[in-house]
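The exercises below concern aromatic and charged side chains, and each task is followed by a worked solution. Please look through the sequence and the model before starting.

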Amino acid sequence: MPQIVHQIQTFLETAVFRKYLKRFGLFVLGLIVFVLLACGGLALYFNQNKTEIIAKINIKINENINGKFHVEDFQYKFLTGFPNFTLALKEVEIKDNQWAIHKHTLLKAKEIEARLNIWSLLQNEINIHKILINDADIYIYKAENGYSNVNIFKPKKKKIAPGETRETTIDDINLNNVHLTIDNHLGHKLFDFEVVKLESKINFDDEDWKTNLYLKTKINSLAFNTVHGSFAKARELEGNFDIAYIDEKQLLNIETKKLKIGSDKFDIKAYFNIGKNALFGININTSILWKSASDLLSGNISTKLDQFNLKKPIKVNCAINGDFNAEGDPKIVVQAVIKNNELTIPDGLFTNCSFNGIFTNNFKPANGFNDANSAVVLTHFSGDYENIPLKIPQAVISNLEKPIATGIVNSDFDVTKLNEMMNEKMFHFESGHARANLKFQFDIVDLYITKPRFIGDVDIKDATFDYLPKNVRAEKTAVQLSFTEQALYIKKIAYKHKKNIIQINGKIDNFLNLYYDAPEKMVVNWNIYCPNIDVKQFLGVLRKSQSAATQQKSAKKNVNFSNQMKSVIEKCSVIINLKADNLNYGALTATNTRATLQMLDSKLLLKNGSVQTSGGTITFNGAIEPKGNYYIFSSVAQVNRVDIASFLKSFNNFQIKSFDPRNIKGKLSSNANVTGLMSAKGDLIVNSMRGNLKFNVNQGALINFDPIVKVGKFAFPFRDVKNITFSDLSGDLTLRGEQIDINDLTISSSVLNFDIEGIYSFGRGTNLALTVPLRNSKNDAQIESKEERDAVRERGIVLHLLAVDEEGKMKIKWGKKGK
């Protein structure tokens with residue numbers, strides 16, 4: 001290497017090199033002198049022929065316009081554009097003949113350079129090869145009647161015949177700092193660009209031409225509909241365009257790759273008809289972030305899209321087709337492919353999200369291009385919503401003025417995942433699995449999902465959960481639901497909780513309409529079969545949740561699905577046709593239970609109820625409603641031949657302390673119309689009962705009943721008052737809480753007959769009047785006729801006694817009631 005460097009240095013020092021260097025220097029100097037002389041000659045030529053050149057340029061321009069051309073001054077630019085002759089036009093204005101009406105100047109430029117062909121100029125011809133426009137405003141205007149200020153340009157002459165030469169071939173155009181506005185009032189379109197730089201070299205083929213154009217500009221407005229706003233507003237655009245013009249079709253084709261708009265790159269193909277037919281089409285491909293794409297769209301679209309987001313870039317194709325002469329929007333079709341992305345919507349987040357999406361503003365071709373006819377179509381959608389996996393083969397969001405979404409959704413998941421999406425603490429799931437196959441429809445208000453409606457099936461298996469507002473727990477529950485236009489069919493609910501086993505089916509008529517619009521009018525019809533049911537365990541279902549009252553105050557404008565469900569549960573009416581093989585209420589055990597129950601708000605109505613218990617039957621109608629820490633109940637009941645001892649024992653002897661259920665035997669029949677209270681645990685509070693009770697006991701017996709034994713010892717020391725059988729035991733009572741008015745209590749027994757009236761108290765205040773005939777009634781039962789029994793009942797000596805409360809103890813005294 002050092003040897004090569006030495007050889008080069010040696011050559012540069014030789015006489016031969018110095019001779020050639022001198023000759024080359026003389027050539028360059030001569031060339032410079034020639035250029036200076038030529039340019040000087042051209043300057044001299046311009047100065048000598050300025051008037052003629054200006055006149056020819058004016059003629060050339062005026063030959064091609066219908067309007068006014070004004071230029072402040074012409075200057076020759078020495079050496080600029082050599083070997084062409086460069087002429088600078090200062091303070092140029094071009095106005096059409098109707099400028100006074102619309103006031104829009106077509107061209108206003110501080111300077112326009114026109115580079116003329118020298119040989120044509122020397123032959124007294126003006127042939128412009130290059131135009132440079134600097135610091136200019138170009139305003140292309142089209143009025144509502146279709147008139148445009150570009151009509152200033154006269155129609156072209158006939159095509160060039162073979163052998164003719166083109167008069168003027170502007171094959172090089174440069175723009176620097178040019179403000180270009182295309183204001184189309186006919187089509188309500190506005191395109192506004194700040195052109196920093198434009199460079200274009202044009203190749204002509206007769207009237208056809210091609211160019212590769214470099215453009216750097218800022219987009220102030222790209223509005224295809226000024227009502228809706230601009231695309232790519234305030235974005236910088238930079239790139240190279242391959243442009244071809246076909247004169248016969250008056251068609252302009254444009255293609256660009258990696259065009260920069262802002263920080264994103266686009267591949268674009270477009271065509272524009274520039275004659276009377278003003279059709280155009282633009283096709284755009286890119287990979288872009290959702291937010292970046294939304295920012296490039298017009299305001300009417302971006303304000304909606306900004307409520308959504310996709311975390312990763314998406315592949316997008318956008319096709320825009322329209323007519324510059326037509327009013328309204330062009331046809332817009334956007335297609336996107338999303339893979340393994342995260343989709344954010346106003347109501348939540350989809351993870352592991354993949355789908356194909358299409359946006360069109362011409363969903364139904366006959367209805368035009370507008371928001372009302374716009375739609376988003378999703379296909380092959382899959383994703384996890386709040387960890388719930390969803391698949392949607394196809395969904396459509398139509399009418400973007402009042403959006404409605406329709407489609408089909410499939411899901412298969414563990415129900416424990418529902419815990420994460422419940423904003424209201426309503427259900428807590430411990431186990432179970434769900435499958436759903438549903439057609440859906442829902443409104444979108446302010447971009448939030450509202451009033452979702454479903455048609456299809458939901459199948460839940462082995463679900464264990466707590467319904468927190470009512471403190472109800474369900475274990476190993478199975479649910480089968482079928483949603484139809486007419487009703488929601490509950491095909492099967494299998495429920496197990498503690499001792500309770502419940503199987504449910506039923507339906508809710510007009511479910512889809514009433515669920516959101518009038519839940520208070522919704523009637524849920526249940527058919528419930530229970531092999532075994534404990535009534536007390538279900539009383540908690542009636543209580544209102546603690547948040548029921550406050551939830552209405554704190555509810556947001558957009559109530560989500562869990563809040564709406566809770567509201568429906570609180571407001572709807574429930575009618576239950578109950579059938580139970582075994583029913584337990586405390587110590588009461590009943591079989592073959594039948595009843596119709598209606599749940600209205602937190603009130604439970606019981607109709608046409610019947611049970612078999614204690615060897616007899618009970619039929620009833622009634623109501624139960626929570627109030628504070630108690631339940632208010634009312635009941636109209638008929639008891640038919642139940643075993644009285646067993647019956648009293650089942651109800652804890654109604655808290656009567658003066659005798660034990662073991663003291664009495666017989667078959668009880670009664671009619672009762674009572675109200676009262678039950679405790680939070682469902683126990684009867686006897687001293688709260690009010691109403692009327694009539695009863696009779698057949699085949700009755702009184703064994704070791706303390707008040708009677710005391711009377712017997714006092715009045716009948718020689719009779720067996722410890723074992724008394726009855727031919728008649730009946731009464732008419734009025735219940736007044738802690739006290740009972742005994743209107744009539746008739747006892748016809750084997751020992752004696754007596755009648756009782758007065759007040760019996762569970763606490764203090766007992767005051768009973770007893771009428772006791774002394775005759776022996778042992779054989780009265782053998783008298784067949786009731787009239788004859790009544791006739792002999794009070795023969796002989798009759799005792800009048802009082803059973804009164806003295807300091808909490810029962811005392812027997814002589815006397816009559818009121819004396």
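Is F191 buried or exposed? At 7% relative accessibility, F191 counts as buried, where buried means under 20% relative accessible area, exposed means over 50% and partly exposed lies in between, with a 1.4 Å probe and protein chains only. The model is a predicted one, in which local features need pLDDT of at least 70 and side-chain atom pairs count only at pLDDT 80 or more, while totals for chains, interfaces and linings use all residues. Residues are numbered from 1 along each chain as its sequence is written, and side-chain values use heavy atoms, with hydrogens and water left out.

**Exercise 1. Classify the aromatic pair of F191 and F224, and place both residues in the chain.**

Step one is the search: the whole structure yields 9 aromatic pairs, a pair being two rings of Phe, Tyr or Trp (its six-membered ring) with centres within 6.5 Å, called stacked if the planes are under 30 degrees apart, edge-to-face if over 60 and tilted for the rest. Step two is the geometry: the ring centres of F191 and F224 are 5.4 Å apart and the planes stand at 70°, so this pair is edge-to-face. Step three is the location: F191 belongs to strand β6 (residues 189-205) and F224 to the loop between β7 (208-223) and β8 (235-246), so the pair ties together parts that are 33 residues apart in sequence. Strands are DSSP runs (E, at least two residues), as are helices (H or I, at least four), and they are numbered from the N terminus. To finish, F224 is buried as well, with a relative accessible area of 4%, and one aromatic cluster is formed by F191, F224, F231, F272 and F280.

**Exercise 2. Treat the pair of F350 and F381 in the way just shown.**

The rings of F350 and F381 are edge-to-face, with 5.3 Å from centre to centre and 85° between the planes. This pair links distant parts of the chain, since F350 is in strand β15 (residues 348-360) and F381 in strand β16 (residues 375-385), 31 residues apart. For the accessibility step, F350 has a relative accessible area of 10% and is buried, and F381, at 4%, is also buried.

**Exercise 3. Describe the surroundings of T181.**

T181 lies in strand β5 (residues 172-184) and is buried, its relative accessible area being 5%. Leaving aside residues up to four places away in sequence, T181 touches I138, Y139, I140, L190, F191 and D192, where contact means heavy atoms within 4.5 Å.

**Exercise 4. Compare the accessibility of the partners in the salt bridge of D741 and R736, and then examine E806 and K813.**

Side chains of opposite charge can pair when their charged atoms come close. A salt bridge here is a side-chain nitrogen of Lys or Arg within 4 Å of a carboxyl oxygen of Asp or Glu, and the whole structure contains 11 of them. In the bridge between D741 and R736, the closest N and O atoms are 2.7 Å apart; D741 is buried at 18%, whereas R736 is partly exposed at 31%. The side chains of E806 and K813 meet at 2.4 Å, N to O, with E806 partly exposed at 31% and K813 partly exposed at 38%. Salt bridges with shared partners also join E93, K95 and K108 into one network.
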